[in-house]
Amino acid sequence: QEQLKMKDQSLRKLQQEMDSLTFRNQQLAKRVELLQDELALSEARGKKSKKSVESSSQLSQEQKSVFNEDLQKKIEENERLHILFFEADEQHKRLEAELRSRLEVLETDAAQHQAVVDSLTKKYTETIEKLQNDKAKLEIKSQTLEREAKDCRLRTEECQQQLKNLQAALGSRLEESLCIINEKVPFNDTRSARYNALNVPLHNRRNQLKLRDLAGQALAFVQELVTALLNFHTYTEQKVQIFPIDSATDTISPLNQKFSQYLHENASYVRPLEKGMLHLFESITEDTVTVLETTVKLKAFSEHLASYLGFLRKILPYQLKSLEEECESSLCTAALRARNMELHRDMKRLTAVFEKLHTYISLLALPSTRPEGLLRTNYNFVFTNIAASLHGFHDILKDISKHYSQKAALEQEVPTATQKLITTNNCILVSVAALTNGTGKMASFFSNNLDHFSTSLSYGPKGGAEFISPLSAECMLQYKKKAAAYVKSLKKPCADSVPYEEALANRRVLLSSTESREGLAQQVQQSLEKIAKLEQEKEHWMLEAQLAKIKLEKENQKLKNSLSGHLTETIQEHSVLPNIAEQKKETTEKSLREPIKSTSLVRNLTLRVPIRVANCSAPDAESREDLIKTHYVARIAELTSHLQLADSKSVHFHAECRALAKRLSLAEKSKESLTEELKLASQNITRLQASKLFCNDELMTTKRSYEDQLSMMSDHLCSMNETLTKQREEIDTLKMTSK
């Protein structure tokens with residue numbers, strides 16, 4: 001705006017100067033016209049008055065010179081004015097063009113500013129509407145947050161209560177566990193690596209199945225390798241006996257004879273490799289823990305590999321010398337000699353790579369015999385080197401296959417080559433190709449499963465880094481078998497138990513019923529005492545009956561001797577039979593009655609019966625005795641029934657009293673628990689009231705904070721409105737200035 005004002009001022013000055021110059025130009029133009037008119041008049045006068053030239057010549061030279069000077073000055077001034085006018089006109093045009101361009105730029109800027117102003121107004125109106133919507137949403141959100149705050153406070157109180165309960169329960173359980181640990185656990189075996197090695201690690205069945213699967217694949221590869229090695233050594237033996245000298249037509253050299261003899265023994269060195277790998281595969285089962293410390297069969301496989309390596313070392317000099325002897329033969333060409341020297345180098349490399357494999361496999365077998373010989377940190381390094389050695393083995397066999405195929409092709413061109421030699425070479429090539437394929441599969445298999453071997457074969461007990469010794473690993477496997485047997489024994493179906501609700505109901509019945517356990521035990525004790533007393537009385541009365549029987553027999557003998565005839569017999573019959581019946585009846589009744597109240601009366605009756613029978617022979621005496629006897633028997637039975645009833649009532653009342661006492665004690669305990677719960681409830685009520693007040697205070701503070709935020713938002717909206725109005729005014733001023 002300031003620049004625009006300055007440009008307007010400069011434009012006005014230039015316009016004023018232009019106006020003054022135009023006015024001056026007009027004056028000068030009028031004066032030039034006058035001078036031209038005067039010149040024309042003077043020329044006309046000169047033409048008309050040629051005659052008067054002579055008279056005009058009389059004018060003084062000074063006046064002419066004055067006129068000439070004045071005219072010259074006028075011409076120069078007119079020229080200068082024309083130059084100034086032209087320059088002013090050019091400057092005016094240039095300034096007008098600049099101003100027009102600036103006016104166009106300013107108009108475009110004004111249009112852009114207007115577009116910006118329109119967009120800003122639209123944006124600010126949208127922001128105002130958005131803020132109003134946000135304000136309404138925030139009000140709704142504040143209400144929901146207040147409700148959520150109430151719910152959260154209630155939940156926090158519940159969670160705090162649960163936390164306190166859990167802390168108390170966990171504290172009690174911790175104390176109990178610490179007491180049990182201090183009492184039952186004499187030491188922590190995980191702190192000592194020596195004892196921790198005896199702990200059974202976590203069983204990973206998937207890992208064991210994976211290892212068994214890998215061991216099965218390795219067994220298949222070793223079987224292929226063994227078959228290919230057997231074929232290679234056997235066909236090499238045949239080749240030595242055929243070329244360069246055929247043993248069927250001529251005698252081969254002693255070197256080749258010895259070499260052939262050693263090659264003939266190859267099966268005794270190669271076959272154990274397959275057996276050792278088979279034993280290693282069989283040792284990896286689902287139930288064992290397979291680590292390097294427990295794979296004892298790996299040591300046997302390493303020994304078999306060492307014996308085969310010794311076999312290779314034994315035949316290597318003979319094989320090299322045989323190739324050199326073949327090169328010295330007259331049938332050997334230069335190309336064939338070059339191939340033989342290449343095979344010479346390949347055989348040395350093959351023995352070297354077998355030495356590497358044996359070194360690393362013997363290192364892997366060390367943890368099962370001497371664990372200090374190989375640290376667990378070096379397991380990954382050993383496995384990596386085995387994989388590299390297998391790849392090197394594969395590369396060497398590829399070179400051997402390549403060179404041997406070239407050698408076989410050259411030997412076929414020899415004039416003395418027979419069909420047997422060609423067939424043997426083809427068989428050797430097939431066996432070398434099988435060796436190459438088998439080693440390639442083995443190398444890729446080992447490289448793909450390298451991470452699994454490194455991780456799975458190096459885990460141990462929990463908290464321990466490794467097994468201390470193979471003995472500890474063996475003990476751990478024994479403990480694992482015992483633990484598995486114990487867990488298997490625990491997997492028995494549990495017996496049917498009483499449901500929990502039914503057991504609680506039965507417990508309440510047992511606590512509140514009159515026939516409680518203690519009362520029943522007392523009744524059983526009393527019944528056992530009564531049974532014992534009755535048994536004693538029974539034995540006593542059995543003896544009494546035997547004595548009475550003996551006395552009766554004596555009396556009957558006396559009566560038989562004193563009386564004679566039918567009268568005595570009838571009297572004996574009437575006296576013996578009732579006494580026997582009465583004794584049986586009395587013994588059966590006395591076994592059911594109290595022995596103290598019935599002993600004397602029955603004894604008197606049993607003793608008096610034979611006397612009265614002997615003294616009284618009349619029927620009146622017998623009837624009177626029967627009446628007395630029946631009366632006393634009925635009386636005794638009534639008294640015993642009353643006594644039993646009184647005993648049962650006393651036992652019943654005693655049980656009722658005990659049950660009531662138990663109910664009273666249970667009621668007192670429930671009363672105490674209810675009073676404690678009442679105290680806790682009152683405390684909770686007071687705490688809830690305090691928390692309610694606290695919540696109200698927090699709600700007031702949140703409400704105030706929301707109100708402050710709303711006021712701040714309204715102030716912000718007012719300030720935005722003010723800025724909008726200011727921007728509108730500025731835009732208007734820009735419009736005005738641009739106009």
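A residue is called buried here when its relative accessible area is under 20%, exposed when it is over 50%, and partly exposed in between (1.4 Å probe, protein chains only). By this criterion Lys407 and Glu411 are both buried. The structure is a predicted model, in which local features need pLDDT of at least 70 and side-chain atom pairs count only at pLDDT 80 or more, while totals for chains, interfaces and linings use all residues. Residues are numbered from 1 along each chain as its sequence is written, and side-chain values use heavy atoms, with hydrogens and water left out.

The chain contains 18 helices and zero strands; these elements are DSSP runs numbered from the N terminus, with helices being H or I of at least four residues and strands being E of at least two. Of its 739 residues, 26% are buried. The accessible surface comes to about 50100 Å², and carbon and sulfur atoms hold 57% of that surface; such areas come from the Shrake-Rupley method with a 1.4 Å probe, and for residues only the protein chains shown count as cover. Among contacts (heavy atoms within 4.5 Å) with a separation of 6 or more, 85% are between residues 24 or more positions apart.

Charged pairs offer a way into the fold. Side chains of opposite charge can pair when their charged atoms come close. A salt bridge is defined as a side-chain nitrogen of Lys or Arg within 4 Å of a carboxyl oxygen of Asp or Glu, and the structure holds 15 of them. One of these joins Lys239 to Glu411, with an N to O distance of 3.1 Å. Lys239 belongs to helix 5 and Glu411 to helix 10, so this pair ties together parts that are 172 residues apart in sequence. Lys239 counts as buried because its relative accessibility is 5%, and Glu411 is buried at 0%.

Glu411 also pairs with Lys407, the closest N and O atoms being 2.4 Å apart. In this case both residues lie in helix 10, four residues apart, or about one turn of the helix. Through shared partners, salt bridges join Lys239, Glu326, Lys407 and Glu411 into one network.

Two members of that network recur in the surroundings of Asn340, which is placed in helix 9 (residues 334-365). Asn340 counts as buried because its relative accessibility is 0%. Beyond its neighbours within four places in sequence, Asn340 is in contact with Leu323, Glu326, Cys327, Cys332 and Lys407.

Helix 9 takes part in a further salt bridge, between Glu355 and Arg313, where the closest N and O atoms are 3.1 Å apart. Glu355 lies in helix 9 and Arg313 in helix 8, so the pair ties together parts that are 42 residues apart in sequence. Glu355 counts as partly exposed because its relative accessibility is 29%, and Arg313 likewise counts as partly exposed, at 45%.

Ser389 illustrates a meeting of residues from separate parts of the sequence. Ser389 is in helix 10 and is buried, with a relative accessible area of 7%. Leaving aside neighbours within four places in sequence, its contacts are Val353, Lys356, Leu357 and Tyr360. The C-alpha atoms of Ser389 and Tyr360 are 9.3 Å apart, although the two residues are separated by 29 residues in sequence.

The interior also contains empty space. Rolling a probe the size of a water molecule over the atoms shows where empty space is left. On a 1 Å grid over the protein atoms alone, a cavity is a set of points where a 1.4 Å probe fits but cannot get out, and its lining residues have an atom within 4 Å of a point. Grid points are joined across faces, edges and corners, and a volume is the space filled by probe spheres set on the points. The structure holds eight cavities of 30 Å³ or more, and the largest has a volume of about 700 Å³. Its lining comprises 32 residues, of which Ala218, Met277, Leu280, Phe301 and Phe446 are the closest to its centre. Two or more lining residues come from each of helix 5 (205-242), helix 7 (267-283), helix 8 (297-328), helix 9, helix 10 (379-412) and helix 11 (419-448). Helix 5 gives the most to this lining, with nine residues.

Key. 1 Å grid on protein atoms, 1.4 Å probe; cavity = no way out; pocket = protein on both sides within 12 Å on 5 of 7 lines; lining within 4 Å.
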